[in-house]
Amino acid sequence: MSRAELLSPEGLRIDGRRPAELRKITSTTCVLSQADGSAYLEHGNTKVLAAVYGPREARHRALVLHDRAILNVELNVAPFSTGERRRRSKNDKRLLEMASFVKQTFEPVVIATLYPRSQIDIYLQVIQHDGGTLQACINATTMALIDAGIAMTDYVCACTAGWVEREAAIDLNYIEESSDTSEVTIAMLPKSSKITLTQMESRLHVDKLEEVFRLAGEGCKQMYEVMDKTIRDRAEDLARKMAV
Amino acid sequence: MLRKENVHFRKTNKNTVVKRVREVYLRNDIPCLSTQCPKEPPCHEAVKVESSLLSAEQDYYLIPDYSVALRYVELLEQEELTHIIFTETILQRLQSEDKSRTYKSLRQVAKDPRRRSVVFSNEHCKETNVLREPEESIEHRDWRALVQTAAWYRRHLHGCANIILLSEEFNQEDVLRIDDTTGIKVMSLKEYLTQFWPRTAVLHELLTSLKEAILEEDLENKTQGSTTSKKASGGTGYQEYKPLSELEAGVKSERFFQGVMRVRANHRDQAFIRGDANIGEIVIVGSEHRNRAVHGDVVVVELLNKSSWVAPSTHISYNPEEVHAAAEDEEESSSGVRTREVKPTGRVVGIMSRNWQPYVATLQEGSEKEAGSFHLVLPLNPIIPKIRIRHHDAKVLANQRIVVRIDSWPVNSQYPNGHYVRSIGPAHDLDTEISAILIEHGISVSQTTQGFSEGSLKEMPINTPERPWVADPAELSRRRDLRNHIVFSIDPPNCQDIDDAISIKEIGNGQIEFGVHIADVSYFVKENSLTDLEARARGTTVYLSDRRFDMLPKVLSEQLCSLRHHVDRYAMSVMWTLDSEANVLTTWYGRSVIRSACEMEYEQAQGLLNGKDVVPGLDAKICKQLKPSVVLLAKTMRKVRARRMAKGGLELESSEVKFKFKEEGGGISDILPKQPLEVHQIIEEAMVMANGYVAQRIYQGFRESAMLRHHPPPIESHFKMLLRAAESRGFSIDTTSNLALANSLRECAAKSENDIEFVKLLKTMATMAMSEASYISSGSMEVSKYAHYGLALDFYTHFTSPIRRYADLVVHRQLMSCLLGSTPQTTDNSSDFLRNGLKMEQVAGHLNYKNRESKLAQKDSTELFQTLYVLQKTRNPAAVENGGNDPEAEDLPFIETGIVSEIRENGFFVFVPRFGIRGPVYLKEKSGEISIPLSALKQSSAGESDHLVTISGCEMDTDSMTQISVKVPPQALRAHASSPNVLSLVQFRLFDKVKVALRLKKSLAHRHTIYMTLIGLDHQATPAAVSGTGKIGSRTTTVAPMKSHSGRLFKKAGEQLQQDEVKRIAQQDPSLAPLLQRDLIQGIQEGQQQQQQQQQKKGGKNSRKQQQRVVDLEEVYYQSRPESSLYNLIESFDRFRIVESNESPSS
């Protein structure tokens, strides 16, 4: 089996996108009635469901902080998320690591001091996996938190970028991700362009880093527009309903 | 954009079937890549693409289908076919079916701007994407996709161009399913060729042979189905390759080793790959272990266990045609010499990529008489295995050189399967052999036919006798006017393409203005013009011994760019102001206009330099005008050169020869070793200086993408041969740096002045050890690696020959762009190309390849003419009278003196410096018998026919590759007891001088090869011989009892050599002059010192007079100094290393 080329000389990626194009993004909020806030997000074939409970009373007394809320993130990948069925244990180190990334990303953004002595639970479920799980999780979390009405300083938009063959490309899919491509995920506050998370896998030449970062940043801005539109549509919809 | 999902099922490693879902986006911005695009702006401008464009010139475009693309690539590769649209459908399918070689070839066609062919991503285009219907075969779906694409092109271009679908499987009826089919035609290749190329026989021939090959393949597949199980293990000894995943894993875990397999030219049973640093070279012995790999393939090798490691043989192989004999030979030697150091030995377990090329071959003798259509052909290059081809009429091919390609090598076949491509001509015909050389080295047809496309000729300025080209006044005003300077060029006689000219003058207070002017090719050849693209593809002008193949059209290379005399010419100039010590004060680069005063030849310039006032071929007035310039130039350049030498510049050797052709009859009248003159050195130094300065300048402007030329330091192990050779003479050589090497070589030369050949050979060995110089883009390496080892410069590039090298043209453009500096010509993408390090690297790689191939072609052609010369010399007139080739007629002896250059186990190599020929002398015959001619045993009174009497049954012993001795058994000696002074032991050491007869091993399938038979040792060191041949005091004879005798003779000879004697020799043979002179000066100085001491004792003083004498001598020395280095120093570094690495003894 020969390795297919990830970027054709015509400048098309394996799925027909150009390097600076995102996959098709679909998102909705308020998908679960039980949760305080929830969101469902698709990056192409990567599908993530986020549910936010809280702020509510902390479950363990010992963890309570008297001046602010604590964040609790749990991430789960469905066994049917990839072609081959694979069950992951709850203590899978990669999952725990990813959950802690999400937690760290949001800790500075959520204004936790407004909710002292409480706990905010974020449950993430990856339903289908096709590359870019972390970015999808972060984006879904943002929307779920907004849906739950939890105070935040800004949106958090995440996007991956990587060096595919000879060019920087954003929003890598599973095939691109799994063929030794170096991948950078950044999470950004779009209004201030502050970065709250960068995470990189495998090695990338330092000369190429700037280009990859620039592209990832642009990707975040694009993400922001998509997410913002969904939220606003939803808010307008609610407002209309209230008026009636 | 439309989002869609492709679903397919795939089996995993665990044998479970898994559903894979892939997302696909369909776009509507896929460009049609045609200049006829009716959209405004054209759709290829809307998106950033780098592609050639389909032009409006042709009224139809071709779309090949999968059946054509897969099996008729060679046809699509032909340059005649243009405007091809390659669809993504076929490219994807080629990739998924692992036909990467075919895929690469198609990509190459699409990349070549001259072919005007494009790749259309139809699978991602919204309007041309086709879904597979239920129950539909893949072939049919793909076909529908192509038809859809064809229809889209018709619609998109509003019917401007007709579309021809090339298919071997489908025909016109299959198209009718779509609505509008006007302008879309389906043709088979045959129909297409007969309609559009009725008279291009090459294409038709190719098609027929390809068809035959396919037929055969199909046939085989059918028969194989039934017999595979039986045949698989039958007799060939080959094994199936391991799956790719296992190979990759193995290479990663260092269980296997990956590398390019190379076959040793002199021992075809042995191949090797360069493993990683820990393991070094891995030897692959025997065809079973080689497992169907061919020279040049990238292979994966598994090591055998240590007990079966072997030491590579150092025999000289006997006959290039006998594969099996070599194999047996190998077994014998490997058992015999186990004691020698063994090397890691391995076998091929997989092949990463094939490097099959078109090979020139000849039908096996007698094969044409056999029935059947399968025949074996013998490739011209003996390191390529025999190839099985199918041809209906083998009689036509008998005694012809033909081009064949390898198609496949199934595991159950002894030889690879190939097919016939075309015929070049009768074997051993001069033109055929030269075309064969060109084909073997991948020199394109367009270059060999000297042709340029109409389009590129249209770009050329007009220069006819009626409408001569004149300089444009506007352009003149932009250039620095140097027409008032005395500019002259020095080139070989009859040089048509004059690249460089020189001006030099004193400008007061000891300062000198020195300029190097180079033809301004970049003015005439605009970047990305058709001529430029063609020149880039050609890379370099190819010089063969009797002809040349230009890179640029004649109107440029011989007329408008060539810096002819008495006409205005545009130039790129580098002007320096130098102080009296030749230190650079200021440098100016720029475009100029010059008017050359004179086209001098080297000999003429040397004449002027030697003090003559008038030289043949030049006007007295011009001589008078130019003489001071030439002398000043020489003075300045000597200083520059001395400074560079002190930094570690090497003076190396190569044995280049020139052929003199007969006026009529097309024979070679003589071979002349190149006569190095001092002027060569001077011009070379000026060019090196210009190149060095330009390199620095463009590096300043283009940190990331300057086209530089670097010469990496040699690999220490390559010096082994040199070190051992020097050791055998009691010298030690320091190879730690270029300066150390230069110094120790100089020391060797100084200490063995009386043996020029030794010094020459030693220097040649040093040259062989050198790495290959190559072009690089500065961004691709660290700054510390840019240095040129041989020239001892930190920056170097090629700037001075833009007419014959493309690299120089690139450098010119970069220099111009540097000089324009802040005002770049924005809109055109040219500056983008010069600044793109990645692209520059690609271009550099391409040029390196082209350069190397052209050098190899040159070397092959030299060898070809050398054999022709030997053929002429040995041809017996009697044989010719008897009807040409009477095998009985004995060849005429052609006896020459040579020098032992390399010792092997069964003989040695002899280098004949007079003709630059190197050939083997076998002491041990193939049968294992060791014999030696009687003449070698006799000391001086060897009779006329003694070399015909051979004594067999001798014993032979070699020692550490520096000497070989033959012992004659007493009983054999007794038979010749009548002859006096017969020795019983003969020893040959490295650098011994021997007399040999040059002979030709004739062969139909290969080129003739030269070999030699021993006549005797050249030990007549009598005084007369010394003064006549210049071999003073040859310490070379090592025949044991002779030693003291010859020593005495030498002493006597030395005494007899007087100063005038030396002068005489120098005149006769300038190549000997410098060493003799140096020797003599030293000798005389020593003598003077002695004399002085004596005189001082006597109280007399006339040292002044003596001083005068020394100066005189020095003048003589300079006049005929040339030998100390080569004319073409720079080029000598480029000598390709394959030969050396194949032949160096490996221990």
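Modeller: Let's start with a cut-off: a residue is called buried when its relative accessible area is under 20%. By that rule, Glu534(B) and Arg538(B) are both buried in this predicted model.

Biologist: Happy to begin there! What makes Glu534(B) and Arg538(B) a salt bridge?

Modeller: Their closest N and O atoms are 2.9 Å apart. The limit is 4 Å between a side-chain nitrogen of Lys or Arg and a carboxyl oxygen of Asp or Glu, so the pair qualifies.

Biologist: And what separates Glu534(B) and Arg538(B) along helix α18 of chain B?

Modeller: The two are four residues apart in that helix, which means about one helical turn. Arg536(B) and Asp532(B) are also four residues apart in helix α18 (residues 530–538), again about one helical turn. Their closest N and O atoms are 3.3 Å apart, and they form a salt bridge. Arg536(B) and Asp532(B) are buried too.

Biologist: Now to the other chain. Why is the pair of Glu5(A) and Arg107(B) called a salt bridge?

Modeller: The closest N and O atoms of Glu5(A) and Arg107(B) are 3.4 Å apart, and the limit is 4 Å, so the name fits. This pair crosses between chains, from the segment before β1 (25–29) of chain A to helix α5 (residues 100–111) of chain B.

Biologist: Why do Glu5(A) and Arg107(B) get their exposure labels?

Modeller: Arg107(B) has a relative accessible area of 14%, so it is buried. Glu5(A) has 22%, which lies between 20% and 50%, so Glu5(A) is partly exposed.

Biologist: How many salt bridges does the rule find across the interface of chain A and chain B?

Modeller: It finds four. One of the salt bridges in the model joins Glu21(A) to Arg27(B), with the closest N and O atoms 2.7 Å apart. By class, the side of chain A that touches chain B has twelve charged, six polar and six nonpolar residues. Chain A and chain B bury about 2,100 Å² between them, 44% of it on carbon and sulfur atoms.

Biologist: One last topic, the strands. What makes β21(B) and β22(B) a pair?

Modeller: Pairing needs at least two bridges, and seven join β21(B) to β22(B), which run antiparallel. One of the bridge partners is Phe514(B) in β22(B), set against Ile504(B).

Biologist: Why does strand β20 of chain B count as paired with β21(B) too?

Modeller: Two bridges join them, also antiparallel, and at least two are needed, so β20 and β21(B) pair. Here Phe488(B) stands opposite Ile502(B). As for cover, five of the seven residues of β21(B) are buried.

Technical notes:
Residues are numbered from 1 along each chain as its sequence is written. Chains are lettered from A and ligands numbered from 1 in the order in which they are written. This is a predicted model: local features need pLDDT of at least 70, side-chain atom pairs count only at pLDDT 80 or more; totals for chains, interfaces and linings use all residues. Side-chain values use heavy atoms; hydrogens and water are left out. Buried means under 20% relative accessible area, exposed over 50%, partly exposed in between (1.4 Å probe, protein chains only). Buried area is the accessible area (1.4 Å probe) that two parts lose on being put together, summed over both. Ala, Val, Leu, Ile, Met, Phe, Trp, Tyr, Cys and Pro count as nonpolar, Asp, Glu, Lys and Arg as charged, and the others, Gly among them, as polar.
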